[in-house]
Amino acid sequence: ACLIIRLALAETFCLKCGILALDEPTTNLDFKNSQALAQSLLNIMHARREQKNFQLIVITHDERFAHLLGQREHAEYYWRVTKDDKQHSYIEREAIYDS
């Protein structure tokens with residue numbers, strides 16, 4: 001229930017600004033709840049698809065979750081940030097695969 005409340009608050013606060021940013025949203029969630037969160041975010045993306053200024057920013061280490069969100073009907077690509085052995089960051093654009 002707490003997750004639903006947090007998501008509802010986030011959705012409400014981003015109505016006018018159009019940006020919804022989530023930092024590690026699946027921390028402490030089991031797979032079933034991660035799937036439910038992904039589906040809720042997909043529903044939000046679907047409802048906001050006509051809003052020109054809407055952006056969803058998800059920062060996560062959970063690749064399964066990212067793949068649940070990464071569907072071509074909602075986005076064209078995503079960005080992967082990695083570090084090399086010298087701790088230099090690299091940003092790579094990656095295609096969204098069909099699920």
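**Exercise 1.** Leaving aside its neighbours within four places in sequence, with which residues is Ser 34 in contact? Determine also whether Ser 34 is buried or exposed.

*Solution.* The model is a predicted one.
- Step 1: Locate the residue. Ser 34 lies in helix α2, which spans residues 31-47.
- Step 2: List the contacts. Once neighbours within four places in sequence are set aside, Ser 34 is in contact with Thr 26, Leu 29, Asp 62 and Phe 65.
- Step 3: Classify the residue. Buried means under 20% relative accessible area. Ser 34 has a relative accessibility of 4% and therefore counts as buried.

**Exercise 2.** Identify which residues make the nonpolar surface patch, and state which strand gives the most to it.

*Solution.*
- Step 1: Name the members. Tyr 77, Trp 79, Val 81 and Ile 91 make a nonpolar surface patch of about 440 Å².
- Step 2: Assign the main contributor. Strand β3, residues 77-83, gives the most, with three residues.
- Step 3: Examine one member. Tyr 77 is placed in strand β3. Its relative accessibility is 31%, so Tyr 77 counts as partly exposed.

**Exercise 3.** Describe the protein chain by its order of helices and strands, its buried share and its exposed area.

*Solution.*
- Step 1: Count the elements. The protein chain contains three helices and four strands, and along the sequence they follow the pattern α-β-α-β-α-β-β.
- Step 2: Consider burial. Of the 99 residues in the protein chain, 22% are buried.
- Step 3: Consider the surface. About 7,500 Å² is exposed, and carbon and sulfur atoms supply 54% of this area.
- Step 4: Consider sequence separation. Of the contacts between residues at least 6 apart in sequence, 60% join residues at least 24 apart.

Conventions:
Residues are numbered from 1 along each chain as its sequence is written. This is a predicted model: local features need pLDDT of at least 70, side-chain atom pairs count only at pLDDT 80 or more; totals for chains, interfaces and linings use all residues. Side-chain values use heavy atoms; hydrogens and water are left out. Patches are made of residues with over 30% relative accessible area and no salt bridge: like charges are joined within 9 Å, nonpolar side chains (Val, Leu, Ile, Met, Phe, Trp, Tyr) within 5 Å. Accessible areas come from the Shrake-Rupley method with a 1.4 Å probe; for residues, only the protein chains shown count as cover. A salt bridge is a side-chain nitrogen of Lys or Arg within 4 Å of a carboxyl oxygen of Asp or Glu. Helices (H or I, at least four residues) and strands (E, at least two) are DSSP runs, numbered from the N terminus. Buried means under 20% relative accessible area, exposed over 50%, partly exposed in between (1.4 Å probe, protein chains only). Contact means heavy atoms within 4.5 Å.
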